[in-house]
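Reader: Could you take me through one part of this model up close? I'd like to see how the strands line up and what the helices that follow pack against.

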Amino acid sequence: MFRILIISLVLVVSGSGYAWAYDADSFATFKLNLQQEAIAKGLSPAIVKEAMDSVQYLPKVIELDRKQPEKKITFAEYKNNILTDARINKGREMFKEHRAELERVSKQYGVQPEYIVALWGMETNYGGYKGNWGVMSALATLAYEGRRAEFFKKELMNAMRILDEGHIELSGLRGSWAGALGHNQFMPSSFLELAVDGDKDGRKDIWNDLNDVFPSSANYLAQKGWNDAYGWGYEVTLPAGFPESLLTREIKKPVSEWLKMGVVPIGGKQSNSRIQASIVAPDGIDGAAYLVYSNYDVIMKWNRSLYFATTVGLLADAVRQ
Ligand SMILES: [Ca+2]
């Protein structure tokens, strides 16, 4: 109860702290400056001009950016919402349908195919909702509004570079209101750093071509340190009196040591006892607990959320069966 009171207080204070107003003239100047800056960086003037001419201020994006969740849901609730039978079954179907490509990519990048499928399912429900916002306008609005101006300005420049490199037409540069792109919702910076042209047609088309989507996701994980000698981890039960202070990714011990402390894998999972692992419990000591390997840390680089990372792991397991 006390915590709820504090949260509402913070919301009221930060809410009243904003006195933001859109001004057409200043937005036009802002666009012109961005245009000049992009051209100065060496991007094609014609492409930059066309892209910036298309930009409109989107009040709805600011509304979404400022929207605070009314209450923080628990991991148990989140998992219930996300890890549905429909999502699992669709994942199994997709795995079957694209098995050959997935296996090929898996071998090439050293990432088990079920994680590529699980991330796809988590991000866009296997391409079911990729986001239909004009990314240029969304990013420009967020860069103009100022709450995280530098970050979004950088991503806007990166988005123009994607157009400049010819991976997608301006009309196809669509994504989430926060600028995440395509089937696997890469931010433009991740796209430039890690997306892959799997079918070698000269375009990294993560909006329309699964032959580019799968290797891009796999490359992301591989470059961030994935090890396909093992998975993400598994659910465990903790012994009575297990210290809450050990529930952190900061503490890593060999699996054998955790087992000696009375941690018990659920469902007879077994693993190499020398692998380094942490114990996490997204809902705290009284909620579900998981023993996780370094691959879990890699998933956390994709999205810094214990809820997300754990659910990706569970979905991958479910899809694999
Ligand atoms: Ca391609």
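**A sheet and the helices after it**

Author: Let's start at one edge of the sheet, where Pro254 stands opposite Gln276 in S6. Keep in mind that this is a predicted model. Pro254 belongs to strand S4 (253-254), one of the edge strands, and 2 bridges join S4 to S6 in an antiparallel pairing. Zoom out a little and you get an open sheet of 5 strands, ordered S4-S6-S7-S3-S5, with antiparallel pairing. The edge strand at the other end of that order is S5 (264-265); like S4, S5 pairs on one side only.

Now step inward to S7, residues 289-292. On one side, S7 takes 3 bridges from S6 (residues 276-280), and the two run antiparallel. If you want a spot to click on, Ile279 stands opposite Leu291 in S7. The partner on the other side is S3 (residues 233-237), joined to S7 by 4 bridges, again antiparallel. Here the pair to look for is Val236, which stands opposite Ala289 in S7.

What about the faces of S7? Both are covered. Ala289 and Leu291 point to one side, Tyr290 and Val292 to the other, and all of them are buried. So Leu291, the residue opposite Ile279, is buried, and Ala289, opposite Val236, is buried too.

Next come the helices. H14 covers residues 294-302 and H15 covers residues 306-320; they pack at an angle of about 120°, with their axes 9 Å apart. That angle is why H14 counts as oblique to H15. Their crossing is right-handed. H14 brings Tyr296, Ile299 and Met300 to the contact, while H15 brings Ala309, Val312 and Gly313. By type, that contact splits into 5 nonpolar residues, 1 polar and no charged ones.

H15 has another packing partner, H8 (residues 113-124): their axes come within 8 Å and cross at roughly 120°. H8 and H15 are therefore oblique to each other as well, and H8 passes H15 in a right-handed crossing. From H8, the contact uses Glu114, Tyr115, Val117, Ala118, Leu119, Gly121 and Met122. From H15, the list is Phe308, Thr311, Val312, Leu315, Ala316, Val319 and Arg320. These residues divide into 10 nonpolar, 2 polar and 2 charged.

One residue to keep on screen is Val312: it sits in the contact of H15 with H14 and also in the contact with H8.

Note on methods: Residues numbered from 1 in each chain as written. Predicted model: local features only at pLDDT ≥ 70, side-chain atom pairs only at ≥ 80, totals over all residues. Buried ≥ 20, exposed ≤ 12 C-beta atoms within 10 Å, placed from the backbone. Pairing = 2+ DSSP bridges. Axes fitted to C-alpha atoms, helices over the stretch in contact; angles between N-to-C directions. Parallel < 35°, antiparallel > 145°, perpendicular 65-115°, else oblique. Left-handed = near helix turned anticlockwise from the far one by under 90°. Contact = placed C-beta atoms within 7 Å. Nonpolar A, V, L, I, M, F, W, Y, C, P; charged D, E, K, R; others polar.
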